[in-house]
Amino acid sequence: MGIRKILTDKEPSLHKVCKEVTVFDKKLHKLLDDMADTLAEANGVGLAAPQVGILRRVVIVDVGDEILELVNPTLVETSGEQIGAEGCLSVPGRYGLVKRPNVAKVKAQDRYGEWFEAEGEELIARCFCHELDHLDGIVYTQVMERFLTEEELDQM
Ligand code: NI
């Protein structure tokens, strides 16, 4: 197990543009393994490398039956729209109302450098967009409509 510390959005690393991964070595694999452990312990859906202080374009998303590893991901296609509650492990205890596409397709490399595409709907599409934003230094609070109130959260 390699649990890494999740940084909050007060840390400068959450607001920097991350660099591309060019070397697909053991160090990258260890980062991905540690990120999966960290995500599981935090009970989250997705995690981006800058959240653990690594300014590289690496993201993981729990898509239900597996942990999807996205290295150097880009959005290639989006469609539809959803408006809903969104949270972030780097913004503990708060949720915001965020508009996202309902379907999102990403292109990325796996831990060995092989390119692939993955498509997600609803929560997964939301998560792809949220995590990819992290790689450009964007936290959801910068793109949300507003924070949700305690009453609204209680009703959900
Ligand atoms: Ni986040």
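# Salt bridges, cores and a nickel site

Reader: What kind of link does Asp34 form with Lys30, and what is the distance between the closest N and O atoms?

Author: Asp34 forms a salt bridge with Lys30, and the closest N and O atoms are 2.9 Å apart. Keep in mind that this is a predicted model. Next, place both residues. Asp34 and Lys30 sit in helix α1, four residues apart, which is about one turn of the helix.

Reader: Which other residue forms a salt bridge with Asp34?

Author: Arg4 does, with the closest N and O atoms 2.9 Å apart. Arg4 lies in the segment before α1 (26–42) and Asp34 in helix α1, so this pair ties together parts that are 30 residues apart in sequence.

Reader: Are Asp34, Arg4 and Lys30 buried or exposed?

Author: Compare each value with the cut-offs. Buried means under 20% relative accessible area, and exposed means over 50%. Asp34 has 5%, so Asp34 is buried. Arg4 has 25%, so Arg4 is partly exposed. Lys30 has 45%, so Lys30 is partly exposed too.

Reader: How many salt bridges does the structure hold?

Author: Eleven. Look at Arg111 and Glu69 as another case. Their side chains meet in a salt bridge at 2.8 Å, N to O. Arg111 is in the loop between β6 and β7 (115–121), and Glu69 is in strand β3. They are 42 residues apart, so the pair links distant parts of the chain. Arg111 is buried at 13% relative accessibility. Glu69 is buried as well, at 18%.

Reader: Salt bridges can also join into a network. Which residues are linked that way here?

Author: Glu86, Arg100, Arg126 and Asp133. Take Arg126, which is found in helix α2. Its relative accessible area is 6%, so Arg126 is buried.

Reader: Which residues is Arg126 in contact with, leaving aside its neighbours within four places in sequence?

Author: Gln82, Ile83, Gly84, Ala85, Glu86, Val98 and Arg100. Glu86 and Arg100 are in the network too.

Reader: Now the sheet. What is the strand order in the open sheet of three strands?

Author: Read the order across the sheet, not along the chain. The order is β4-β5-β8, with antiparallel pairing. Strands β4 (82–86) and β8 (146–147) are the edges, each pairing on one side only. Strand β5 (residues 96–100) pairs with β8 over two bridges, in the antiparallel sense. For one bridge, find Leu97: its partner in β8 is Arg146. Helix α2 packs on this sheet and touches β4 and β5. The direction of α2 makes about 70 degrees with that of β4.

Reader: On to the metal. Which residues are the protein donors of the nickel ion?

Author: For a metal site, list the donor atoms, then place them along the chain. Cys88 gives SG, while His130 and His134 each give NE2. These donors lie 2.1 to 2.3 Å from the nickel ion. Their spacing along the chain is C-x41-H-x3-H.

Reader: Where do the two histidines, His130 and His134, lie?

Author: Both are in helix α2, four residues apart, about one turn of the helix. His130 is buried, with a relative accessible area of 5%. His134 is buried, at 0%.

Reader: Last, the nonpolar core. How many residues does the largest one have?

Author: It has 17. Start with the residues that have the most contacts inside it: Val59, Val61, Leu70, Val106 and Phe128. Then ask which elements supply it. Those giving two or more residues are β2 (58–62), β3 (67–79), β6 (103–109) and α2 (122–135). Helix α2 provides the largest share, seven residues.

Reader: What else is there apart from this core?

Author: Another core, of twelve residues, including Met35, Leu47, Ala49 and Ile60.

Reader: Back to Leu70. Which residues is it in contact with, leaving aside neighbours within four places in sequence?

Author: Arg57, Val58, Val59, Val61, Val106, Ala108, Gln109, Phe116 and Phe128. Val59, Val61, Val106 and Phe128 are on the list of residues with the most contacts inside the core.

Terms used. Residues numbered from 1 in each chain as written. Predicted model: local features only at pLDDT ≥ 70, side-chain atom pairs only at ≥ 80, totals over all residues. Heavy atoms only, no water. Core = buried A, V, L, I, M, F, W, Y, C linked by side-chain atoms within 4.5 Å. Buried < 20%, exposed > 50% of the residue type's maximum accessible area, 1.4 Å probe, protein only. Contact = heavy atoms within 4.5 Å. Pairing = 2+ DSSP bridges. Axes fitted to C-alpha atoms, helices over the stretch in contact; angles between N-to-C directions. Donors = N, O, S within 2.8 Å, 3.2 Å for Na, K, Ca; no water. Salt bridge = Lys/Arg side-chain N within 4 Å of Asp/Glu carboxyl O.
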